[in-house]
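Before turning to single residues, it helps to take in the whole chain and then work inwards. Please look over the sequence and the model below with that order in mind.

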Amino acid sequence: MAKTTDIQIEKSRNLIGGLRRHLSERGATGFTIGDIDQMEQAVSQLAEASAEVDRLREELAPKVKHMNEIMLHVKTDYAEYKKKLKGYYPQERWFDYGIPDKR
């Protein structure tokens, strides 16, 4: 889980625990069991969603690394091919090969 999410879940769970311990004083706080249950359910949903995001990040990280490797290869090839074409053809013909550069 992200650190900020972890902190919020922990703080919320502590608050819920405190509210449940002092439920008899609810006249002073105005909270009902339903309010506390609703917040507890929302915190549980947050924890589940955060866990799912973590799983997705674990799956995504190697795919992003692979994509970046391919991107580096494509950029290198592009620069090499462009350099060859620019050396072989005059500037007026560069656009014919998809090279928008101008000197």
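For the charge count used here, Lys and Arg are taken as positive and Asp and Glu as negative, while His and the chain ends are left out. On that basis the protein, which is a predicted model, carries 18 positive and 17 negative charges, and the mean positions of these two groups lie 8 Å apart.

The secondary structure of the protein consists of 4 helices and 0 strands, so that reading from the N terminus the order of elements is α-α-α-α. The radius of gyration is 29 Å, well over the 13 Å that the globule rule gives for 103 residues, and the protein is therefore more spread out than a compact globule. The extent of the C-alpha trace along the principal axes can be set beside this value, since it spans about 85 × 25 × 15 Å.

How much of the protein is buried? Buried residues account for 13% of the 103 residues, where buried means a relative accessible area under 20%. The accessible surface of the protein amounts to about 8,600 Å², and carbon and sulfur atoms contribute 57% of it. As for contacts between residues at least 6 apart in sequence, 39% of them join residues that are at least 24 apart.

A residue in the first part of the chain shows how such contacts look locally. Thr-5 sits in helix 1, which covers residues 3-21. When residues up to four places away in sequence are not counted, Thr-5 touches Leu-46 and Ser-50. His-22, in turn, is 17 residues from Thr-5 along the chain, and the C-alpha atoms of Thr-5 and His-22 are separated by 26 Å.

The aromatic residues offer a second place to look. A pair of aromatic rings is described by the distance of the centres and the angle of the planes. The structure holds 2 aromatic pairs. In one of them, Tyr-88 and Tyr-89 meet edge-to-face, with 4.9 Å from centre to centre and 85 degrees between the planes. In the other, Tyr-89 and Tyr-97 are stacked, with 4.8 Å from centre to centre and 25 degrees between the planes. Tyr-88, Tyr-89 and Tyr-97 thus form one aromatic cluster.

Is Tyr-88 buried or exposed? Tyr-88 counts as exposed because its relative accessibility is 64%, and the cut-off for exposed is over 50%. Tyr-97, at 38% relative accessibility, counts as partly exposed.

Terms used:
Residues numbered from 1 in each chain as written. Predicted model: local features only at pLDDT ≥ 70, side-chain atom pairs only at ≥ 80, totals over all residues. Heavy atoms only, no water. Helix = DSSP H or I, 4+ residues; strand = E, 2+ residues; numbered from the N terminus. Rg over C-alpha atoms; globule rule 2.2 N^0.38 Å. Buried < 20%, exposed > 50% of the residue type's maximum accessible area, 1.4 Å probe, protein only. Contact = heavy atoms within 4.5 Å. Areas by Shrake-Rupley, 256 points an atom, 1.4 Å probe, with all protein chains shown as cover. Charge placed at Lys NZ, Arg CZ, Asp CG, Glu CD. Phe/Tyr/Trp six-rings, centres within 6.5 Å; stacked < 30°, edge-to-face > 60°.
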